[in-house]
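User: Please take a close look at one open space in this model, and then set it beside the other spaces found there.
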Amino acid sequence: MRHIFTVDVEEYFQVEAFSEYVERKDWDRYPGRVEEPTARLLDLLDIHNVRGTFFVLGWLAERNPALVRRIAAAGHEIGSHGYGHRMVTKMTPEEFRKDVRTSKAILEDITGAAIRGYRAPTFSIVSRTRWVYPILLDEGYRYSSSVFPVWHDRYGWPEFGEEPKKMAEGAAGGLWEVPLSVGFIGPMKVPFGGGGYLRSYPLFLTKRFLENLVRNGKHVLVYIHPWELDSQQPDLPAPFLRRLRHRVGISKMEGRLTELFRTLTFGSVAQFLDANGYGV
């Protein structure tokens with residue numbers, strides 16, 4: 001098993017691009033829509049015999065425990081997306097520890113299984129927040145998949161590299177970071193393979209990046225959000241360009257996923273690490 005499929009399970013109104021306009025204290029006022037697109041995604045994954053990792057937000061899991069159990073019952077790995085969808089760059093170490101501890105406890109109570117993986121909201125583990133790794137290991141996590149090794153205005157750790165790295169070591173073993181996939185145009189790194197990149201890039205360009213990675217013996221890590229399959233989600237009180245960026249290509253997402261599933265074999269992060277001898 002060479003390639004990895006992941007889902008960041010959150011609501012459409014919890015996206016960081018809207019955080020200035022939708023306050024956390026008001027989240028319960030917005031209609032939840034995560035169940036229907038997640039159910040459609042589970043059906044699509046089952047058709048193509050794909051099992052992946054679903055990084056579930058603790059806030060959402062508290063309100064939708066049946067959805068978490070349904071994902072787990074379908075054979076997918078459950079990971080933590082933190083509790084309150086706060087970027088790591090906006091938290092202190094104490095706040096971060098509380099966030100990941102709370103989320104892990106909620107998900108383990110719902111699933112009855114150990115939670116090994118973590119993904120930071122908005123890929124916000126960057127060079128200056130590498131202090132998170134000993135905390136994650138101390139709290140019982142064994143891997144993170146939170147680094148985008150590119151430059152971006154909200155995230156990015158360009159010098160990290162493209163392969164998994166051990167970032168902390170303890171008596172129980174190590175903690176690994178499994179970075180997101182990047183393509184190359186000459187020497188320039190280009191993010192692709194998930195989210196708005198998968199929705200907005202021409203399909204031929206995404207396929208070219210995929211082919212280059214596979215040809216060079218590299219794995220591919222794909223990520224999406226359930227709201228990226230929901231073309232009927234309501235508009236939010238945000239500027240036009242942010243709303244446009246949020247919605248672009250949503251109608252194409254299911255077809256693009258189908259193309260990927262027909263081309264490559266995917267599994268969960270834990271399966272990838274176990275199969276490649278990383279010992280988590």
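How many residues line the second largest pocket, and which of them lie nearest its centre?

Analyst: The model is predicted, so local features need pLDDT of at least 70 and side-chain atom pairs count only at pLDDT 80 or more, while totals for chains, interfaces and linings use all residues. Residues are numbered from 1 along each chain as its sequence is written, and side-chain values use heavy atoms, without hydrogens or water.

The second largest pocket is lined by 13 residues, and those nearest its centre are Glu162, Val182, Phe184, Leu213 and Lys218. A pocket is an open set of points on a 1 Å grid over the protein atoms alone, with protein on both sides within 12 Å along at least five of seven lines; a lining residue has an atom within 4 Å of a point. The volume of the second largest pocket is about 180 Å³, counted as the space filled by probe spheres set on the points. Strand β8 (182-185) and helix α7 (203-215) each contribute at least two residues to this lining; helices (H or I, at least four residues) and strands (E, at least two) are DSSP runs. By class, the lining of the second largest pocket holds 5 nonpolar, 5 polar and 3 charged residues, with Asp, Glu, Lys and Arg as charged, Ala, Val, Leu, Ile, Met, Phe, Trp, Tyr, Cys and Pro as nonpolar, and the others, Gly among them, as polar.

The largest pocket, by comparison, encloses about 550 Å³. Its lining numbers 29 residues, of which Val15, Arg154, Gly196, Arg199 and Arg245 are the closest to its centre. Helices α6 (195-200) and α8 (240-247) each supply at least two residues of that lining, and α6 gives the largest share, 5 residues. The lining of the largest pocket is made up of 11 nonpolar, 9 polar and 9 charged residues.

Closed spaces are present as well: the whole structure has 3 cavities of 30 Å³ or more, a cavity being a set of points where a 1.4 Å probe fits but cannot get out. The largest cavity holds about 50 Å³. Val15, one of the residues closest to the centre of the largest pocket, also lines the largest cavity, together with Phe13, Gln14, Glu16, Ser19, Val22, Arg24, Trp27 and His85. That cavity lining comprises 4 nonpolar, 3 polar and 2 charged residues.
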